[in-house]
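Reader: Hi! Could you walk me through the charged pairs here and the reasons behind their labels?

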Amino acid sequence: MADTNILLWMMSSHPRLSQNHLNVLRSPANEIYFSATSIFEIAVKQQIGKFDFNVDAAEIRAALIERGYRELPVTGAHAVRVLDLPLIHRDPFDRLLIAQALSEDLVLMTADHVVADYPVQHLRV
């Protein structure tokens with residue numbers, strides 16, 4: 001599962017993503033998920049005018065689906081799983097992504113160094 005920044009970077013070919021990371025994201029052998037949480041985060045930050053989220057949430061979602069990524073809805077079980085997480089990370093979007101990755105036994109691709117403090121499988125960019 002790719003976190004929000006990874007999704008945005010992938011869509012813009014951002015230099016922070018190495019060729020190896022791009023290969024993981026683009027390989028048809030890998031089943032890549034994106035969370036409805038990420039689309040919500042993009043929409044919220046787009047609406048408040050956050051400069052690094054100057055993208056259209058609907059367009060990003062459509063492009064991800066077109067590329068074959070699987071959308072992971074947010075469930076009540078994911079929300080409740082947040083209660084199991086220590087308050088290391090204060091960002092509610094990231095906490096929900098971590099809870100989803102734990103609940104669904106997914107690897108979370110992220111550039112966020114704080115994620116490593118949680119017992120979640122992750123691939124650090």
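Author: Happy to! The structure holds 4 salt bridges. This is a predicted model, where local features need pLDDT of at least 70, side-chain atom pairs count only at pLDDT 80 or more, and totals for chains, interfaces and linings use all residues. Residues are numbered from 1 along each chain as its sequence is written, and side-chain values use heavy atoms, leaving out hydrogens and water.

Reader: Why is the contact of E41 and K45 called a salt bridge?

Author: The term needs a side-chain nitrogen of Lys or Arg within 4 Å of a carboxyl oxygen of Asp or Glu. For E41 and K45 the N to O value is 2.8 Å, so the pair qualifies. The two are 4 residues apart in helix α3 (residues 36–47), about one helical turn. Helices here are DSSP runs of H or I with at least four residues, strands are runs of E with at least two, and both are numbered from the N terminus.

Reader: What makes the pair of E71 and R61 a salt bridge?

Author: Their side chains meet at 2.7 Å, N to O, so the 4 Å limit is met. E71 lies in strand β2 (residues 70–72) and R61 in helix α4 (residues 57–66), so the pair ties together parts 10 residues apart in sequence.

Reader: And why is D84 called exposed?

Author: Buried means under 20% relative accessible area, exposed over 50%, and partly exposed in between (1.4 Å probe, protein chains only). D84 has 56%, so D84 is exposed. Its salt-bridge partner R81 has 28% and therefore counts as partly exposed.
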